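Colleague: Could you take a close look at one part of this model for me, and then set the salt bridges beside it? I would like one connected account rather than a list.

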Amino acid sequence: MKNSTAREAATPTDAELLTAMAQKQDWALAALYDRYAGMLYGLALKILGDSAPAQDVVHEAFMTAWQKAETYSQTRGQVATWLIVLCRNLAIDQYRIKMRLASRKVEFEAAAETLMAMEDDPAMTAVVADDVRRLREALVKLAPEQKQVIEMAYFQGMTQTEIAAATKTPLGTVKTRTRQALLALRSALG
């Protein structure tokens, strides 16, 4: 009985663990993880219905708890409740992203089917060929720095930040060049 009481006294409370986490003590994160990871995983799995994303959400929840431990206030609720709400919100965000991607996939498949149906239409083929010719002519007329940002963004899939880094150009300049290029293309394609 005496040993049990001593062990309980040595076991930190959830609030003490969060205080230690706020002081960036790794052992506290590990202890809180051991205490709540299973419960949070079950919650995330129930929302997402898939193991790997549920594990990712639990990981992200604990990383967020680690980063925000110093902002936790006991007056706003228990640590367990805070973790559950954090995990639930992350899982719902992940679920929304998953549904948005599924919706886009359906849209892309429908567009692909439409385009494949149009391939056999000679009139549509002529229209597409004319559009491609006009776009190429418009691209040739762009200033070289404008053409470069358009090619890097639309043909290489780079973000404006990546283009700025690759060309060693200020981000604002890249944005200006992109905007000017798009306006010129819009004007040329009417």
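**The pocket and the salt bridges**

Modeller: In this predicted model, the largest pocket is lined by T71, Y72, S73, R76, G77, Q78, T81, W82 and V85. The volume of that pocket comes to about 150 Å³, and its lining residues divide into three nonpolar, five polar and one charged.

Turning from the pocket to charge pairing, side chains of opposite charge can pair when their charged atoms come close. A search of the whole structure finds five salt bridges, and helix 6, which spans residues 122-141, is a good place to begin. There D131 forms a salt bridge with R134, with the closest N and O atoms 3.8 Å apart; these two residues are three positions apart in the helix, about one turn. D131 has a relative accessible area of 38% and is therefore partly exposed, and R134, at 28%, also counts as partly exposed.

Also in helix 6, R133 pairs with E137, and here the closest N and O atoms are 3.0 Å apart. R133 and E137 are four residues apart, again about one turn of the helix. R133 is partly exposed, with a relative accessible area of 40%, and E137 is likewise partly exposed, with a relative accessible area of 40%. This pair belongs to a wider arrangement, since D130, R133 and E137 are linked in a network of salt bridges.

Helix 7, residues 144-155, holds another such pair: the side chains of K147 and E151 meet in a salt bridge at 4.0 Å, N to O, and the two residues lie four apart, about one turn of that helix. K147 is partly exposed because its relative accessible area is 29%, and E151, at 30% relative accessibility, counts as partly exposed too.

F155 lies in helix 7 as well, and at 57% relative accessibility F155 counts as exposed, the threshold for that class being over 50%. Together with Y154 and L182, F155 makes a nonpolar surface patch of about 340 Å².

Lastly, R186 has its place in helix 9, residues 171-189, and is exposed, with a relative accessible area of 60%. Between the C-alpha atoms of R186 and Y33 there is a separation of 54 Å, the two residues being 153 residues apart along the chain.

Conventions:
Residues are numbered from 1 along each chain as its sequence is written. This is a predicted model: local features need pLDDT of at least 70, side-chain atom pairs count only at pLDDT 80 or more; totals for chains, interfaces and linings use all residues. Side-chain values use heavy atoms; hydrogens and water are left out. On a 1 Å grid over the protein atoms alone, a cavity is a set of points where a 1.4 Å probe fits but cannot get out, and a pocket is an open set with protein on both sides within 12 Å along at least five of seven lines; lining residues have an atom within 4 Å of a point. Grid points are joined across faces, edges and corners, and a volume is the space filled by probe spheres set on the points. Ala, Val, Leu, Ile, Met, Phe, Trp, Tyr, Cys and Pro count as nonpolar, Asp, Glu, Lys and Arg as charged, and the others, Gly among them, as polar. Patches are made of residues with over 30% relative accessible area and no salt bridge: like charges are joined within 9 Å, nonpolar side chains (Val, Leu, Ile, Met, Phe, Trp, Tyr) within 5 Å. Accessible areas come from the Shrake-Rupley method with a 1.4 Å probe; for residues, only the protein chains shown count as cover. Buried means under 20% relative accessible area, exposed over 50%, partly exposed in between (1.4 Å probe, protein chains only).
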